[in-house]
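Trainee: Please take me slowly through the sheet in this model, and then through what lies around it. I'm new to this, so plain words would help.

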Amino acid sequence: MGHVIKNVMNPEGIPTVEYPEVKKVMHDRYRGAHRLTTKDDGSIKCVACMCCPTVCPANCITIVAGEGEGDVEKYPVRFEIDMLRCIFCGFCVEACPKDAIRMDSAIYAVNGYNRQDMVYTKPYMQDLMDGEKSNSATHYKDNPEDAPVGYRVEIKPTTSSVAE
Ligand code: SF4
Ligand code: SF4
């Protein structure tokens, strides 16, 4: 009764988020949608070592490796995660020796209109956030212009982002 009276007297204090117009700011350690990080020159950090698909208990990561150039031995020609199968355990992030995959996007609106929308592709996960920017929820809060589109509106890979 105390809470009811308090909320009736002070409706502004009710911690209700007007979703989807307002997105909830997640804790820094929240496991959100995966993103693939990049180096300073914009190239992908992933070296297609296959550690993440090996540890993935849901078997939802598909990587096709290609030969790299210079000191890069391999890189992922194709990197996909079937988000319908992912259980957000975070094993892929922990297993990665290159800090190439992260779940710190704070994006929880993982949805789509069909099954294909739910298969996140390399370009889509690279676009999710600039790899060199801070990616925490705190950063979004202080720099809303840096928040990825999916965070501000809704996650829905476009046809062009699905294509390699
Ligand atoms: S979070 Fe877990 S289930 Fe999802 S892709 Fe990573 S290892 Fe697989
Ligand atoms: S994301 Fe990391 S663990 Fe997965 S293949 Fe690339 S380098 Fe290896």
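Mentor: Let's begin with some ground rules, then go to the sheet, and then move outwards from there.

Residues are counted from 1 along each chain as its sequence is written, while chains get letters from A and ligands get numbers from 1 in the order they are written. This is a predicted model, so local features need pLDDT of at least 70 and side-chain atom pairs count only at pLDDT 80 or more, whereas totals for chains, interfaces and linings use all residues. As for pLDDT, that's the predictor's confidence in each residue, from 0 to 100. The protein averages 80, and 78% of the residues score at least 70.

Now, the layout. The protein has seven helices and five strands, where helices (H or I, at least four residues) and strands (E, at least two) are DSSP runs numbered from the N terminus. Read from the N terminus, the elements go α-β-α-β-β-α-β-β-α-α-α-α.

Here's your sheet: it is open, has three strands in the order β2-β3-β5, and its pairing is antiparallel. The edges are β2 and β5 (119–120), each pairing on one side only. Two strands count as paired if DSSP finds at least two bridges between them. Strands β2 (residues 61–67) and β3 (residues 74–82) run antiparallel and are joined by seven bridges. Along that pairing, alanine 65 faces proline 76 in β3, and glutamate 67 sits opposite lysine 74 in β3. The two strands make a hairpin with six residues between them, and glycine 70 in the turn has a positive phi of about 65°. On to the other pairing: β3 and β5 are antiparallel too, over two bridges. There, aspartate 82 stands opposite valine 119 in β5. As a bit of background, strands of a sheet pair through backbone hydrogen bonds, either parallel or antiparallel.

Follow the chain beyond β3 and you reach phenylalanine 88, in the loop between β3 and α3 (91–95). Its phi is near 55°, a positive value in a residue other than glycine. That deserves a second look because most residues other than glycine have a negative phi. Phenylalanine 88 counts as partly exposed because it has 15 C-beta neighbours inside 10 Å; a residue is buried at 20 or more other C-beta atoms within 10 Å, exposed at 12 or fewer, and partly exposed in between, with C-beta atoms placed from the backbone. Alanine 48 also has a positive phi, near 50°, and lies in the loop between β1 (35–36) and α2 (51–55). With 24 other C-beta atoms within 10 Å, alanine 48 is buried. Over the protein's 164 residues, 26% count as buried.

Just ahead of β5, look at arginine 115, in the loop between β4 (101–102) and β5. Arginine 115 is exposed because it has 10 other C-beta atoms within 10 Å. Its C-alpha atom is 7.8 Å from that of leucine 84, though the two are 31 residues apart along the chain.

Strand β3 also helps build the largest nonpolar core, since β3 and α4 (122–127) are the elements giving it two or more residues. That core (buried Ala, Val, Leu, Ile, Met, Phe, Trp, Tyr and Cys residues joined through C-beta atoms within 7 Å) has 19 residues, and Leu36, Cys46, Ile101 and Met125 have the most contacts inside it. Leaving out residues up to four places away in sequence, methionine 125 touches His34, Arg35, Leu36 and Tyr120; a contact means C-beta atoms, placed from the backbone, within 7 Å.

Last stop, the ligands. Ligand 1 is surrounded by 14 residues, the closest being Cys56, Cys86, Cys89, Phe91 and Cys92. For ligand 2 there are 13, with Cys46, Cys49, Cys51, Cys52 and Cys96 coming nearest. (Being near means a C-beta atom, placed from the backbone, within 6 Å.)

One caution: pLDDT stays under 50 over residues 131–136, and again over residues 148–164.

Key
Two residues are in contact if their C-beta atoms, placed from the backbone, lie within 7 Å.
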